[in-house]
Amino acid sequence: MKVDIFKEAMANYPTGISIVTSNDEQGNPIGLTVNSFASVSLDPLLILWSIDNRVSTYEAFKKADKFAVNILANDQAEIAKLFASSLSNQERFEGCDWNSSAYQLPIIKNAVASLQCKTFQQVQAGDHIIFIGEVIEIDIEKRQPLLYHRRKMGGFPESFHES
């Protein structure tokens, strides 16, 4: 019962949507959609995100020494769904525009921002692992973010846009 109430409470908390990317041990791109992204520290620049230990890319991310957080724009809901699907990583990356950065990380094109990180710390927490990353590169585009609320995706209402 508490799990259902917890899920309902968290579904009512709006968050941004990101795709976290890296490479597996063979150098193939991996990625998944997350909304568990947050800033941690300004000195050093640290961010965090978490992954369920039952996800197919769990071990690959656990072994990776770097990753990128791609904060999606409000017109990238289909990409968020693609990376949340059960498709293979190869199929996910074939379904979107991306490139490899100077740090050899997969970067989703046209994202609001991409933060490339080296893994700073991993913390086991229940059925998830929390990844803390030290930001080593940031790319920003002036776009509106994609939001997640009550299991739906969309942009800010018009009243929230800057004037």
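In strand β9, Cys-117 is the bridge partner of Phe-67. I begin with this pair, in what is a predicted model, as it leads to the strands around it. β6, residues 66–71, and β9, residues 113–125, pair in the antiparallel sense over six bridges. On strand β2, residues 18–23, β6 has another antiparallel partner, joined over four bridges. There, Thr-21 is bridged to Ala-68 of β6. The strand β6 is mostly covered, with five of its six residues buried.

Let me stay with Cys-117 for a moment. Its relative accessibility is 0%, so it counts as buried. The other cysteine of interest is Cys-96, also buried, with a relative accessible area of 11%. Are these two residues bonded or apart? The sulfur of Cys-96 is 19 Å from the closest cysteine sulfur, that of Cys-117, and therefore too far for a bond. A disulfide would require the two sulfur atoms to lie within 2.5 Å. By that rule, the count of disulfides is zero.

Next to Cys-117 in the sequence comes Gln-116, also in strand β9. Is this residue buried or exposed? Gln-116 counts as buried because its relative accessibility is 2%, and the limit is 20%. Beyond its sequence neighbours within four places, Gln-116 is in contact with Phe-67 and Ala-68, with Ser-101, Tyr-103, Leu-105 and Ile-107, and with a further group that includes Glu-134, Val-135, Ile-136, Glu-137 and Asp-139.

I turn now to the interior. Which residues touch the most other members of the largest nonpolar core? They are Ile-47, Trp-49, Ile-51, Phe-61 and Phe-67, in a core of 20 residues. At least two residues of this core come from each of β3, β5 (45–52), α2 (58–63), β6, β9 and β10 (128–140). Apart from this core lies another, of twelve residues, among them Ile-17, Leu-72, Phe-83 and Leu-146. As a general point, nonpolar side chains tend to be buried together in soluble globular proteins.

Phe-61 deserves a closer look. Outside its neighbours within four places, Phe-61 contacts Val-20, Thr-21 and Ser-22, then Ile-30, Gly-31 and Leu-32, and also Trp-49, Ile-51, Gln-122 and Phe-131.

One of those contacts, Gly-31, lies in strand β3, residues 29–34. Gly-31 is buried, with a relative accessible area of 0%. Setting aside residues up to four places away, Gly-31 touches Val-20, Thr-21, Phe-61, Phe-83, Asn-89, Arg-92 and Phe-93. Between the C-alpha atoms of Gly-31 and Ile-136, which are 105 residues apart along the chain, the separation is 19 Å.

Finally, the chain as a whole. It has four helices and twelve strands. Its radius of gyration is 15 Å, close to the 15 Å that the globule rule gives for 163 residues, so the chain is as compact as a globular protein of that length. The C-alpha trace spans about 45 × 40 × 40 Å along its principal axes. Of the 163 residues, 37% count as buried. Among contacts with a separation of 6 or more, 63% join residues 24 or more positions apart. The chain exposes about 9800 Å², of which carbon and sulfur atoms supply 52%.

Definitions and conventions
Residues numbered from 1 in each chain as written. Predicted model: local features only at pLDDT ≥ 70, side-chain atom pairs only at ≥ 80, totals over all residues. Heavy atoms only, no water. Buried < 20%, exposed > 50% of the residue type's maximum accessible area, 1.4 Å probe, protein only. Contact = heavy atoms within 4.5 Å. Core = buried A, V, L, I, M, F, W, Y, C linked by side-chain atoms within 4.5 Å. Rg over C-alpha atoms; globule rule 2.2 N^0.38 Å. Areas by Shrake-Rupley, 256 points an atom, 1.4 Å probe, with all protein chains shown as cover. Pairing = 2+ DSSP bridges.
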